[in-house]
Amino acid sequence: MTRYFVKPEQISGNNISFSPDDAHHMFIVLKMRPGSFCTALDGTGRALYVQIDDLGRSHATGRILRVDFPRTEANVRITVAQALPRTLDKLEWVLEHGTELGASEFIVFSCERARENADRFLRKLDRWREIVKTAAEQSERVHLPEVNGILPFSEVLATAAQHELALLAYEREKSCTLREALPSNARDVLIVIGPEGGFTDEEVAGARSAGLLAVSLGPRILRTETAALVMSSQILYALESSDDAARASDRPSVGAANSIAA
Ligand code: SAH
């Protein structure tokens, strides 16, 4: 069933109104009509099953019939800090596929060997958020990953202390691998990926003194966009599968529409 992320203000009691873009998608692309069903995601983990009652090319409203709590989110929070690559399609690739994999947040940053011209890229933030939203809907996420940027590298380093573990992907690191750096109970990991030209020695030293651990992803050099996705999926492979089955028991779905309103 088609899924759409909505903001809290789009929900009022059991009624929900969709954005003009989502209405256009329903009406024009999917040829949905009043009476059709879809799923709305409010970003809190709830999936709201909705029957559309009014629909046109730029407006759609519906009624919430049922609420579920699908367990599609990873139990480890991964924040992907990605240096601006040379071309934007590479960044979009990281955002789209990182969302599918389960990343919780993206930070786009500039550094010495990353493209400057942040002004031009700033205007892309809305587009990047839209890419993440579409990928999150397609991959049945119930939380919408944030996209923040464009930060200078120093600000990325300043956020490192907020995370349980902060890792710098560094191809010249010979002694510490990702596998060794990852505690089996880590639940909140920041990963920082450099641009095509890599980090400068000063940046690596700055990262280390900010508390980041430099890790190797193996003996081969990966492209920047590959590194972000490989690192995310290796962390999920190591940490997500082990206690997935032991996660808290299913929360019951709410059948009565009356109890839906927050
Ligand atoms: N130009 C650099 C490579 C940069 S690769 C060189 O040839 O030395 C781009 C980014 O991907 C790096 O900054 C790093 O963050 C990440 N990366 C690529 N391969 C890696 C590896 N084997 N281990 C850790 N990080 C890697």
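## A tour of the pocket, the ligand and two backbone oddities

The largest pocket has a volume of about 320 Å³. Start there, and keep in mind that this is a predicted model.

**Stop 1: the pocket lining.** Select Ala169, Glu171, Ile221, Leu222 and Ala227. These residues lie nearest the centre of the largest pocket. They are part of a lining of 22 residues. Now colour that lining by class. You should find 10 nonpolar, 6 polar and 6 charged residues.

**Stop 2: the ligand.** Show the ligand next. What space does the ligand take? The ligand takes the space of the largest pocket.

Select the residues around the ligand; there are 20 of them. Ala169, Arg172, Glu196, Leu217 and Arg220 come nearest. By class, this shell divides into 10 nonpolar, 6 polar and 4 charged residues.

**Stop 3: backbone contacts.** Zoom in on the nitrogen atoms of the ligand. Which distance separates a ligand nitrogen from a polar backbone atom of Gly218? The distance is 2.9 Å. Move on to Arg220: a backbone N or O atom of this residue is 2.8 Å from a ligand nitrogen. Then pick Leu222, where a backbone N or O atom lies 2.9 Å from a nitrogen of the ligand.

How much of the ligand does the protein bury? Taken alone, the ligand exposes 560 Å², and the protein buries 88% of that.

**Stop 4: a cis peptide.** Leave the ligand and select Gly149 and Ile150. The peptide bond that joins them is cis, with omega at about -5 degrees. Ile150 belongs to strand β9, which covers residues 146–152.

**Stop 5: a positive phi.** Finish at Lys31. Where does Lys31 sit? Look in the loop between α1 (20–29) and β4 (37–41). Lys31 is not a glycine, yet its phi is positive, about 55 degrees.

Why pause at these last two stops? Most residues other than glycine have a negative phi, and most peptide bonds are trans.

How values were computed: Residues numbered from 1 in each chain as written. Predicted model: local features only at pLDDT ≥ 70, side-chain atom pairs only at ≥ 80, totals over all residues. Heavy atoms only, no water. 1 Å grid on protein atoms, 1.4 Å probe; cavity = no way out; pocket = protein on both sides within 12 Å on 5 of 7 lines; lining within 4 Å. Points joined across faces, edges and corners; volume = space filled by probe spheres on them. Nonpolar A, V, L, I, M, F, W, Y, C, P; charged D, E, K, R; others polar. Near = heavy atom within 4 Å. Polar contact = N/O pair within 3.5 Å; in protein donor to acceptor, adjacent residues only side chain to side chain. Areas by Shrake-Rupley, 256 points an atom, 1.4 Å probe, with all protein chains shown as cover. Sits in = over half its atoms within 2 Å of the grid points. Helix = DSSP H or I, 4+ residues; strand = E, 2+ residues; numbered from the N terminus.
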